[in-house]
Amino acid sequence: MMLAHQISVGNELLLGDTVNTNASWISQRLSEHGIRCVHVATVPDDKPAILAAIGFSLREADVTILTGGLGPTHDDITKTCLLEYFNVKMVSHEPTLDRIRRMFEARGIPFSPSNTAQADVPQNCDVLFNSQGTAPGMWFSEQGKVLIVLPGVPREMKHLMTDEVLPRLRALVGASTLHKQYLQLTGIGESTLSDLVIGDVSSFLKPGIELAYLPHPHGISLRITSYNGLAEDAARLKTHILSTAGQYVFSELPDIDLEQVVVELASERHTSIATAESCTGGWISNLITNVPGSSAVFKGSIVAYDNSVKQSLLDVPESVLMEHGAVSKQVALILAKSVAMKLGADIGISTTGIAGPSGGTETKPVGLVWIGFWSHDAHFAVQARFFRDRILNKERSAKVTLEIVRRQLLGIPGMPFDLKPESA
């Protein structure tokens, strides 16, 4: 298998001013083409550091992809480093220079010497024409090794990778021997999933078969990777996971969100949804309406943040608020049913809680959330306890609520994270 290194150049990456999203995106694209990225280095805008990284990677890897440092300012020194490393001269790439001139003329911007320098490239490279920006990409082939140099701007990098780099790499690699499968799960913790649900998978694992747990704040992605034609063995592992943890799997695609699954399920069942949100402040309705086609199932939302709105728009009695408080099972139940009735929905869902970081008490701490659900067949509320972080509480509340809806639509028994439903 062909091995790759990445070099990301830029002080802004090391200082944390810019998040290095390029590295993960490039690694994903390489793996899809049977190239395994085994090393990622982030280096400053410093000539010795850049030269050392290039030298190391060209010794150790078949393919090196370097991003960044190709701009027109004084701290963009990648091309200068390449001249020194290869001991070559700079030449002007006329098609790039013509494009830059036309672009500046069209915008009425003065053309400066630093802009002219953008079209300069080391004489030993193949130029990768950049139609999305001013800095061309470069392809170097030296003693059986490949060095690819790309702009750090994500839009430009992705354009050059997709249109120029990956077709060339496909020709070098031939048919890919790598196969990846994903399972997206929610409603269960990582340790519980691994130890108590999926269990020991050592009998499925062998050289060329890998299982990776990829936890994130709202769930877990499992990646099954197979090399060297072991797709059938990987399929057996996937079958085992689905047979033991299938109720938690909401998608077998890596780029599908839970809200998209909920909208699709509701649409297939001709089931409409309405939300009454207090602590989530419209987060759930925002997620749902981010999905194309959600208008077919989503009736609307009432963000009943203040108690007066809960009373006037959603018929929560003042006596219930006085006796149980806004953050309570009783209020969550009323909100869920009332919003469904008022908006004419088949399903009503609600959230009421203490998002934090202040406002909690000994009996109702920060992170306490009641989630209500109503349909013609079920009416219940669940109590959840999340974090001390306000945004995380809103995000987790929204995702758990959507998972409850998914389970109800599919008729899956039980609640996510073993929450206990309390009926009306």
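How much area does the protein expose, and what share of it do carbon and sulfur atoms supply? I looked that up before anything else. The exposed area comes to about 19,400 Å², and carbon and sulfur atoms supply 51% of that. A reminder to myself: this is a predicted model.

**Entry: the overall picture**

I went for the basics next. The protein has 424 residues, and 50% of them count as buried. I found 15 helices and 18 strands listed for the protein. The C-alpha trace spans about 80 × 60 × 40 Å along its principal axes. I also checked how far along the chain the contacts reach. Taking the contacts with a separation of 6 or more, 67% are between residues 24 or more positions apart.

**Entry: strand β2 and its surroundings**

I picked R36 and V38, since strand β2 (residues 35–43) holds V38 and R36 as well. R36 is partly exposed, at a relative accessible area of 33%. Which residues does R36 touch, not counting those up to four places away in sequence? I noted M1, M2, L3, A4, E210 and Y227. I also looked at R36 and L178, which sit 142 residues apart along the chain, and their C-alpha atoms are separated by 8.9 Å.

V38 turned up in a surface feature. Together with M1 and L3, V38 forms a nonpolar patch, and the three have about 240 Å² of accessible area together. V38 itself is partly exposed, with a relative accessible area of 46%. I marked M1 and L3 twice in my notes, because they belong to the patch and they are also among the residues that R36 touches.

**Entry: T78**

Is T78 buried or exposed? T78 is buried, with a relative accessible area of 0%. I placed T78 in helix α4 (residues 78–86). What is in contact with T78, leaving aside its neighbours within four places in sequence? My list reads V9, I50, L66, G68, G69, L70 and V149.

**Entry: helix α9**

I spent a while on α9, which covers residues 231–245. This helix has 15 residues and reaches 21 Å from its first C-alpha to its last, close to the 21 Å expected at 1.5 Å a residue. Which residues of α9 are buried? They are D233, A234, L237, K238, H240, I241 and A245. These buried residues cover an arc of only 155° around the axis, so they are on the same side of α9. I jotted down the general rule too: an α-helix has 3.6 residues a turn, so residues three or four places apart point the same way.

Then I asked what the buried residues of α9 pack against. The answer is a set of strands and a helix: β9 (178–185), α8 (190–198), β10 (209–216), β11 (219–227) and β12 (249–251). L178, from my R36 check, falls in β9 (178–185). On the face of α9 turned away from the buried side I found the exposed residues E232, T239 and S243.

**Entry: salt bridges**

How many salt bridges does a search of the whole structure find? The search finds 14, and I followed up a few of them.

I began with R101 and D98, whose closest N and O atoms are 3.8 Å apart. Both lie in helix α5 (residues 94–107), three residues apart, which is about one turn of the helix. R101 is partly exposed at a relative accessible area of 35%, and D98 is partly exposed at 35%.

I moved on to K206 and D233, where the closest N and O atoms are 2.9 Å apart. This pair links distant parts of the chain, with K206 in the loop between α8 and β10 and D233 in helix α9, 27 residues apart. K206 counts as partly exposed at 38% relative accessibility, whereas D233 counts as buried at 14%.

My last pair was E422 and K329, with a salt bridge of 3.7 Å, N to O. E422 is in strand β18 (residues 421–423) and K329 is in helix α14 (residues 329–343), so I was again looking at a link between distant parts of the chain, 93 residues apart. E422 is partly exposed, with a relative accessible area of 34%. Which residues are joined into one network by salt bridges that share partners? I wrote down K206, D233 and R236.

Definitions and conventions. Residues are numbered from 1 along each chain as its sequence is written. This is a predicted model: local features need pLDDT of at least 70, side-chain atom pairs count only at pLDDT 80 or more; totals for chains, interfaces and linings use all residues. Side-chain values use heavy atoms; hydrogens and water are left out. Patches are made of residues with over 30% relative accessible area and no salt bridge: like charges are joined within 9 Å, nonpolar side chains (Val, Leu, Ile, Met, Phe, Trp, Tyr) within 5 Å. Accessible areas come from the Shrake-Rupley method with a 1.4 Å probe; for residues, only the protein chains shown count as cover. A salt bridge is a side-chain nitrogen of Lys or Arg within 4 Å of a carboxyl oxygen of Asp or Glu. Helices (H or I, at least four residues) and strands (E, at least two) are DSSP runs, numbered from the N terminus. Buried means under 20% relative accessible area, exposed over 50%, partly exposed in between (1.4 Å probe, protein chains only). Contact means heavy atoms within 4.5 Å. The expected span of a helix is 1.5 Å times one less than its number of residues. The arc is that of the directions from the helix axis to the C-beta atoms.
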